[in-house]
Amino acid sequence: MALRKIVEVGDSCLTKVCRPVTAFNSRLHALLDDMTETLVEAGGAGLAAPQVGILRRVCVVLDEESEEYLELVNPEIVLQSGEQTGLEGCLSVPGKWGIVTRPYHVRVRAQDRYGDWFEAEADGLTARCFCHELEHLDGHLYTEHIDHFLSEEELRDYLEAEEEGE
């Protein structure tokens, strides 16, 4: 396993539509292992292949409930419901935060590293991550959903209000 360089906003990889995975081989397995290691090191909640310069429909998401990493190959959203509005950032847009509205509940259908299909569903943060990472696979960033980046003061106020609300 190896750490991969996370590309940042401005890199053309982040604006391109990814191709489906057709070969479920050791190269894919190495990519998934590297992406998980890179995500853990970066302290993020999800990472999509274009964020490490690979234009394939692959992402890794931390399941908040089980605290395990889900490997999603050729994922698609098959169900979404409800609504949540909250703080969102991205490893490819470091140090910037915005408020984004996403579905509260999401079910995805994807293949595992061996090509077998499965479904995973989640609420809250993990559902938000599913949406965020799948958008990367189509060349989109969360910044398309915000009206502005939060200032340091707005971010601090938002986090304080969230803490008081718990």
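Okay, quick one on burial first: buried means under 20% relative accessible area, exposed over 50%, and partly exposed in between, with a 1.4 Å probe and protein chains only. By that rule Glu88 and Arg102 are both buried.

A word on ground rules. This is a predicted model, where local features need pLDDT of at least 70, side-chain atom pairs count only at pLDDT 80 or more, and totals for chains, interfaces and linings use all residues. Numbering runs from 1 along each chain as its sequence is written, and side-chain values use heavy atoms, with hydrogens and water left out.

So, salt bridges, meaning a side-chain nitrogen of Lys or Arg within 4 Å of a carboxyl oxygen of Asp or Glu. The whole structure has nine. Glu88 pairs with Arg102, closest N and O atoms 2.6 Å apart. That pair links strand β4 (residues 84-90), home of Glu88, to strand β5 (residues 93-102), home of Arg102, 14 residues apart. Strands here are DSSP E runs of at least two residues, helices H or I runs of at least four, numbered from the N terminus.

Glu88 also bridges to Arg128, again with 2.6 Å between the closest N and O atoms. Here helix α2 is linked to strand β4, with Arg128 and Glu88 40 residues apart. Both of these are buried too. Add Glu135 and you get a salt-bridge network of Glu88, Arg102, Arg128 and Glu135.

What about α2 itself? 12 of its 13 residues are buried, so the helix is largely enclosed by the rest of the structure. Leu134 sits in α2 as well, and counts as buried because its relative accessibility is 7%.
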